[in-house]
Amino acid sequence: MRPHRSPTALLCAVAVLFLGGCGTRVAGGPAPTETGPIPWTVFEPSAVTAARLAADHRTLSLDADVPRGEHPCVRNLKAVDTDAQYGAVPGTVHVQVSFSSPSGDRRSGCTKERTATVHVRLPEPLGERELVVDNHTVFTPDGAKAPALRLCGRLGCHPPATGCTTASYEQAMIAVGAPMHSYRDAEHCDGKWLVLDFSWRTGPACGDDTRDSACTSRLGDRYFLRAKRSGWEPFFESAAGGCAAVRRREPAFPTALCAKLAPLSSSLHPSYPPPSASPTAGGSSSPTATAR
């Protein structure tokens with residue numbers, strides 16, 4: 001049965017639409033959440049920047065970035081080995097770092113960060129296994145100088161050697177900042193120099209529809225890279241064909257990799273020249289903007 005509503009309740013409901021409440025808030029005053037108690041919430045650190053392994057090969061010390069401010073900002077900072085709870089993954093040890101903080105509410109004043117150290121004792125020595133913290137930060141003892149563990153990068157703990165390989169091309173895609181879901185169109189490589197063409201879909205999500213041009217439209221780019229100890233390093237971007245543009249930037253770039261390059265299609269690499277200035281009523285021209 002629907003509950004009965006009195007005329008007073010109905011008038012109050014209507015007033016809520018205009019005043020935001022019925023006798024609970026003054027127009028222009030602070031919202032209840034702006035004056036109520038500041039809640040403490042459980043967080044994980046914004047970053048775990050270092051890990052060290054004690055002489056017993058079981059005790060870990062982790063440096064984590066946590067909130068700080070004029071008043072206390074962190075409680076119950078702890079690190080927990082989660083393999084026993086969620087199941088172990090061969091070759092890894094998983095640890096979760098967490099703490100309570102009021103930093104989710106800026107009234108707390110906890111708007112800056114500091115480094116705090118937290119410890120956890122593993123049930124058995126780490127050995128050669130990798131340490132995974134909060135599922136996204138990875139450390140390895142391989143190649144590390146004790147007691148520190150080595151922080152791994154986006155390409156993992158053992159990045160691929162720079163060369164003409166699929167794994168190395170993936171490193172190049174990261175180096176040039178390719179958008180998500182990009183795919184490589186062509187690579188021209190000799191081990192020391194690389195030309196990388198890639199593109200990515202634009203427009204609506206159309207499934208398997210290949211007839212609508214909006215569904216198959218895409219943008220693309222071309223980068224020229226040189227091999228470094230850290231991986232492929234981009235040094236030039238151009239849609240032009242041939243070697244003239246890239247060799248003006250880098251005369252040592254080999255012609256064997258660029259002589260047969262065709263210009264990128266304008267549909268893949270559009271250009272947007274600035275619009276012509278239009279006079280205003282006052283006789284001045286409006287500013288123009290350029291975009292790639």
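A cavity, as the word is used here, is a set of grid points where a 1.4 Å probe fits but cannot get out, and its lining residues are those with an atom within 4 Å of a point. With that in hand, here's a quick tour of this predicted model: first the cavity, then some strand pairing, then a helix and what its buried side packs on.

**The cavity**
- Searching the whole structure turns up one cavity of 30 Å³ or more, and its volume comes out at about 30 Å³.
- Its lining is made up of Phe224, Phe236, Ser238, Ala240, Gly241, Gly242, Ala245 and Val246.
- Sorted by class, that's five nonpolar and three polar residues, with no charged ones.

**Strands E5, E7 and E8**
- Strand E7 (residues 130–133) runs parallel to strand E5 (residues 92–101), and four bridges join the two.
- One of the bridge pairs there puts Thr92 opposite Glu130 of E7.
- E7 also pairs with strand E8 (residues 137–140), this time antiparallel and over three bridges.
- On that side, Val133 has Thr137 of E8 as its bridge partner.
- E7 and E8 make a hairpin with three residues between them, and Asp134 in the turn has a positive phi of about 55 degrees.

**Helix H4 and its neighbours**
- Helix H4 covers residues 166–175, and its buried residues include Ser168, Tyr169, Gln171, Ala172 and Met173.
- The buried residues of H4 pack against four strands: E10 (183–189), E11 (193–201), E12 (218–228) and E13 (231–237).
- Just past the end of H4, Gly177 adopts a positive phi of about 70 degrees.

How values were computed: Residues numbered from 1 in each chain as written. Predicted model: local features only at pLDDT ≥ 70, side-chain atom pairs only at ≥ 80, totals over all residues. Heavy atoms only, no water. 1 Å grid on protein atoms, 1.4 Å probe; cavity = no way out; pocket = protein on both sides within 12 Å on 5 of 7 lines; lining within 4 Å. Points joined across faces, edges and corners; volume = space filled by probe spheres on them. Nonpolar A, V, L, I, M, F, W, Y, C, P; charged D, E, K, R; others polar. Pairing = 2+ DSSP bridges. Buried < 20%, exposed > 50% of the residue type's maximum accessible area, 1.4 Å probe, protein only. Contact = heavy atoms within 4.5 Å.
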